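Some notes on the packing in this model follow, as numbered points. Please read them with the structure open.

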Amino acid sequence: MPDVELLKEQAGIAACRFVKDGMTVGLGTGSTVKYSIIEIARMISEEGMSLVGVPTSEDTRRLSEELGIPLLTIEDSGSLDLTIDGADEFDHNFDLIKGGGGALTREKVVALKSKSMVVVADHTKKVEILGSFDLPVEVDSDLWEGVRESISRICPGQVRLRANGPNPFQTDNHGFILDCSFGPTISNPKSLERAICDIPGVVEVGLFVGICDAVIVASSDGIDELIKSDGRI
């Protein structure tokens with residue numbers, strides 16, 4: 001079997017073929033997109049490309065700064081040309097579940113500000129119906145119990161507060177994460193996203209609907225490039 005990290009590296013590098021000189025690029029969060037960030041830094045230092053990154057998390061900001069990538073904050077970035085990010089699941093419609101790393105809110109803001117979005121993932125993330133991966137929902141830290149009660153009315157499985165050791169996991173925005181076990185039942189992600197976002201105390205939902213334009217998939221057979229037929233790439 002090929003080395004998993006090698007596959008991640010190959011996928012992360014392959015996604016960078018969409019990066020062009022002069023772009024402002026959203027830099028996602030996660031173990032696969034890390035390799036895209038490393039490749040973007042190489043393109044700047046070795047190929048002389050002029051690129052600016054917009055990080056989606058503090059971890060990504062620190063890595064990008066260490067590698068010498070010029071950065072803008074989300075607030076200062078305006079429109080972005082491209083975002084490269086990971087996903088916890090994707091389906092045949094190129095809809096995603098994200099948020100396993102807890103950065104879903106900033107990731108969605110950056111993706112929505114971008115003219116196109118490329119996802120890097122391994123083949124295990126492709127599903128027929130979203131939901132086997134627990135759906136992350138960022139919530140106000142003072143209101144999480146009420147939100148959990150409301151989501152539990154529509155979620156067939158458990159709704160758990162994400163932990164970080166003995167304490168709740170806290171996002172870069174100082175919110176909490178509820179991990180919701182819908183199972184593979186999310187056949188209408190747009191409707192579910194709307195229903196959860198309407199609950200008072202919800203900050204953001206880890207459903208990315210109609211945002212992704214391409215997925216670079218790593219598997220034991222190599223790298224596949226899936227392009228959405230009516231996408232923006």
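1. The model is predicted. A convenient place to start is Ile84: leaving aside neighbours within four places in sequence, Ile84 is in contact with Ala15, Cys16, Val19, Gly26, Leu27, Gly28, Val33, Ser36, Ile40, Val118 and Val120.

2. Apart from the largest nonpolar core lies another one, made up of 23 residues. Its members include Ile151, Ile186, Ile196 and Leu207.

3. As for the largest nonpolar core, it has 25 residues, and Val19, Ile40 and Ile84 are the ones that touch the most other members. Two or more residues each come from α1, β1 (24–27), α2, β3 (82–85), β6 (117–122) and β14 (214–219). Helix α2 gives the largest share, six residues. In soluble globular proteins, nonpolar side chains tend to be buried together.

4. Two of those contributors also pack against each other. Helix α1 (residues 4–14) meets helix α2 (residues 33–47) at an angle of about 55 degrees, and their axes are 7 Å apart. The angle therefore makes α1 oblique to α2. The crossing of α1 past α2 is right-handed.

5. Which residues make the contact between α1 and α2? From α1 come Glu5, Lys8, Glu9, Gly12 and Ile13, and from α2 come Lys34, Tyr35, Ser36 and Glu39. By type, the residues of this contact are five charged, two polar and two nonpolar. Ser36 also appears in point 1, as a contact of Ile84.

Terms used
Residues are numbered from 1 along each chain as its sequence is written. This is a predicted model: local features need pLDDT of at least 70, side-chain atom pairs count only at pLDDT 80 or more; totals for chains, interfaces and linings use all residues. Side-chain values use heavy atoms; hydrogens and water are left out. Axes are lines fitted to C-alpha atoms, for helices over the stretch in contact, and angles run from 0 to 180 degrees between N-to-C directions. Helices (H or I, at least four residues) and strands (E, at least two) are DSSP runs, numbered from the N terminus. Angles under 35 degrees count as roughly parallel, over 145 as roughly antiparallel, 65 to 115 as roughly perpendicular and the rest as oblique. A crossing is left-handed if the near helix is turned anticlockwise from the far one by less than a right angle, and right-handed if clockwise. Contact means heavy atoms within 4.5 Å. Ala, Val, Leu, Ile, Met, Phe, Trp, Tyr, Cys and Pro count as nonpolar, Asp, Glu, Lys and Arg as charged, and the others, Gly among them, as polar. A nonpolar core is a set of buried Ala, Val, Leu, Ile, Met, Phe, Trp, Tyr and Cys residues joined through side-chain atoms within 4.5 Å. Buried means under 20% relative accessible area, exposed over 50%, partly exposed in between (1.4 Å probe, protein chains only).
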